[in-house]
Structures are given as C-alpha cells and as structure tokens.
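Biologist: Before I take this protein to the bench, I would like to go through the reasoning behind its description with you.

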Amino acid sequence: MLRKCTCCGATFDADQPWKLLCYPCWRAKKDAENGDLGALTLRSIKAELALSKAQDEIERLKGIIHREAKRWAKNAPPEPIPPDLMNSMVLLCHPDRHGNSAASNRVTAWLLQQRARQQAHERSENHQGHG
Ligand SMILES: [Zn+2]
C-alpha cells in the first residue's frame with residue numbers, strides 16, 4: 001500500500017501496515033540507533049553525489065533551453081513597428097519637411113511600403129478563423 005513517510009514525506013510502497021518510514025529513512029534511523037556513524041556518513045556522501053549530479057543535469061538542461069530560446073528568437077519574425085510610431089516616422093521624414101530631398105523621398109517611399117505591408121498582414125490575420 002502507498003504511504004507517506006512520517007520522516008521525509010516521500011511516498012513509498014509499504015509492504016507491511018506497521019511501516020511508517022521509507023527505506024532510506026528507516027535505514028538512517030537504524031544506523032543512528034546502532035551508533036553506525038560510518039554508514040550515516042557514507043549515506044550522506046552518496047546523497048551529496050546524487051544532488052551534485054542533479055545540479056549538473058539542471059545546468060545541462062538550462063544550457064539546452066538557452067540555446068533553443070536563442071534559435072527561436074533568431075527565427076522569429078521581426079517585431080512590427082507600432083502604427084502610431086510608423087505614422088510619426090512618415091510625418092517626420094516627409095519630403096515637404098526636407099526640401100524634397102532624394103533621401104527624404106526614398107525613406108518616405110520605403111516607410112509607406114512597410115506600412116502598407118503591415119496593414120495587409122494585419123488584415124489577413126484578422127480574417128483568419130472567420131471563413
Ligand atoms: Zn523517508
């Protein structure tokens with residue numbers, strides 16, 4: 001029957017109704033009762049080793065998560081320019097403000113192209129799921 005260890009709280013399979021401790025806790029209690037400090041020390045060293053292995057595994061997994069997150073970020077589409085910012089950019093670069101310079105014409109044309117592309121993209125996204 002499954003039971004909760006009264007010492008560490010771990011769930012363990014108790015084959016006898018009188019068993020209240022999981023095996024590691026029972027073993028440690030016996031060793032303590034017998035004054036077997038060597039056995040207790042050995043168990044604590046084993047536990048430290050297991051913990052250190054678990055920490056290494058956590059670091060390994062963190063590394064994988066970090067690498068995958070970077071890969072995802074690289075493949076993600078660029079953030080769209082917020083519409084109000086886009087409008088300000090169009091206004092600020094307008095050829096009327098810059099003596100109709102070639103540069104202001106080029107930048108404005110490019111910005112208008114981006115704005116149209118972005119609006120077309122938003123329209124197509126809004127239409128998804130309604131057909
Ligand atoms: Zn226990």
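**Reading the fold**

Modeller: Bearing in mind that this is a predicted model, the protein chain runs in the order β-β-α-α-α-α along the sequence, with 2 strands and 4 helices in total.

Biologist: What is the radius of gyration of the protein chain, and what would a compact globule of 131 residues have?

Modeller: The protein chain has a radius of gyration of 33 Å, whereas a compact globule of 131 residues would come out near 14 Å. Along the principal axes, its C-alpha atoms occupy a box of roughly 95 × 40 × 20 Å.

Biologist: Which domains does the domain assignment give, and how far apart do their C-alpha centres lie?

Modeller: The automatic or database assignment divides the protein chain into domain 1, residues 2-75, and domain 2, residues 83-129, and the C-alpha centres of domain 1 and domain 2 are 59 Å apart.

Biologist: How do you know what span helix α4 should have?

Modeller: Helix α4 covers residues 102-127, and because each residue should contribute 1.5 Å, counted over one less than the number of residues, its 26 residues should span 38 Å; the end C-alpha atoms are 38 Å apart, which agrees.

Biologist: What makes you call α4 hardly covered?

Modeller: A residue counts as buried if 20 or more other C-beta atoms lie within 10 Å of its own, and among the 26 residues of α4 the count that meets this is 1. For the protein chain, 3% of the 131 residues count as buried.

Technical notes. Residues are numbered from 1 along each chain as its sequence is written. This is a predicted model: local features need pLDDT of at least 70, side-chain atom pairs count only at pLDDT 80 or more; totals for chains, interfaces and linings use all residues. The radius of gyration is taken over C-alpha atoms; the globule rule is 2.2 Å times the number of residues to the power 0.38. A residue is buried if 20 or more other C-beta atoms lie within 10 Å of its own, exposed if 12 or fewer, and partly exposed in between; C-beta atoms are placed from the backbone.
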